[in-house]
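Hi,

Here is the structure I promised to pass on. Have a look at it first, and my notes on what turned up follow underneath.

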Amino acid sequence: MATWQCVKQCGACCHLDPQERPDLEEYLSPEELKLYLSMVGEGGWCIHFDHSNRSCRIYPDRPRFCRVELETFRNMYGIEPEEVSDFAIDCCHQHIESTYGRRSIEMLRFNSEVYGASGR
Ligand code: SF4
Ligand code: SF4
């Protein structure tokens, strides 16, 4: 069984372009939506994303909607703890595909980490 993990040197989920996430209002509160939109910078990337090393400059203080945590996923998406890993893997696939492409090195690295050396 695959277990979700975040892979270094990715950052696909920090590409916040609202056009690629039309359902934001379904899971963000009005305040969070305002915060989300205020974070969208050049090219749709989060203003807190450090492109030089593909990391978050405010990681300890990142908003709730950036966190892959059991309670957050239950509250935001209605996902039960036992389903969080599969759900998070699907989210990463969507983000990586839309940001880097289905056959990108980022997708290969993610699948290799999550599913093992043989990939998906
Ligand atoms: S898309 Fe997934 S693997 Fe990539 S940075 Fe975000 S959480 Fe990590
Ligand atoms: S706050 Fe950090 S984790 Fe959240 S989208 Fe921006 S760079 Fe990514």
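**The two ligand shells and a helix pair**

Helix 4 supplies the largest share of the shell around ligand 1, namely three residues. Bear in mind that this is a predicted model.

The full set around ligand 1 is Cys6, Val7, Cys10, Gly11, Ala12, Cys13, Cys92, His95, Ile96 and Phe110. Sorted by class, that shell has eight nonpolar and two polar residues, with no charged ones.

Ligand 2 has its own surroundings: Cys14, Leu16, Met39, Cys46, His48, Phe49, Cys56, Ile58, Arg62 and Cys66. Here the split is eight nonpolar, one polar and one charged.

Now back to helix 4, and how it sits against helix 5. Helix 4 covers residues 84–99 and helix 5 covers residues 105–115; their axes come within 10 Å and cross at roughly 165°. Since an angle over 145 degrees counts as roughly antiparallel, that makes helix 4 roughly antiparallel to helix 5. The crossing of helix 4 past helix 5 is left-handed.

Which residues meet where helix 4 and helix 5 are in contact? From helix 4 they are Ile89, Cys92, Ile96 and Glu97, and from helix 5 they are Glu106, Met107, Phe110 and Val114. By class, this contact has six nonpolar and two charged residues, and no polar ones.

One thing to look at on screen: Cys92, Ile96 and Phe110 are among the residues around ligand 1, and Cys92, Ile96 and Phe110 are also among those in the contact between helix 4 and helix 5.

Cheers

Note on methods: Residues numbered from 1 in each chain as written. Chains lettered and ligands numbered in written order. Predicted model: local features only at pLDDT ≥ 70, side-chain atom pairs only at ≥ 80, totals over all residues. Axes fitted to C-alpha atoms, helices over the stretch in contact; angles between N-to-C directions. Helix = DSSP H or I, 4+ residues; strand = E, 2+ residues; numbered from the N terminus. Parallel < 35°, antiparallel > 145°, perpendicular 65-115°, else oblique. Left-handed = near helix turned anticlockwise from the far one by under 90°. Contact = placed C-beta atoms within 7 Å. Nonpolar A, V, L, I, M, F, W, Y, C, P; charged D, E, K, R; others polar. Near = placed C-beta within 6 Å.
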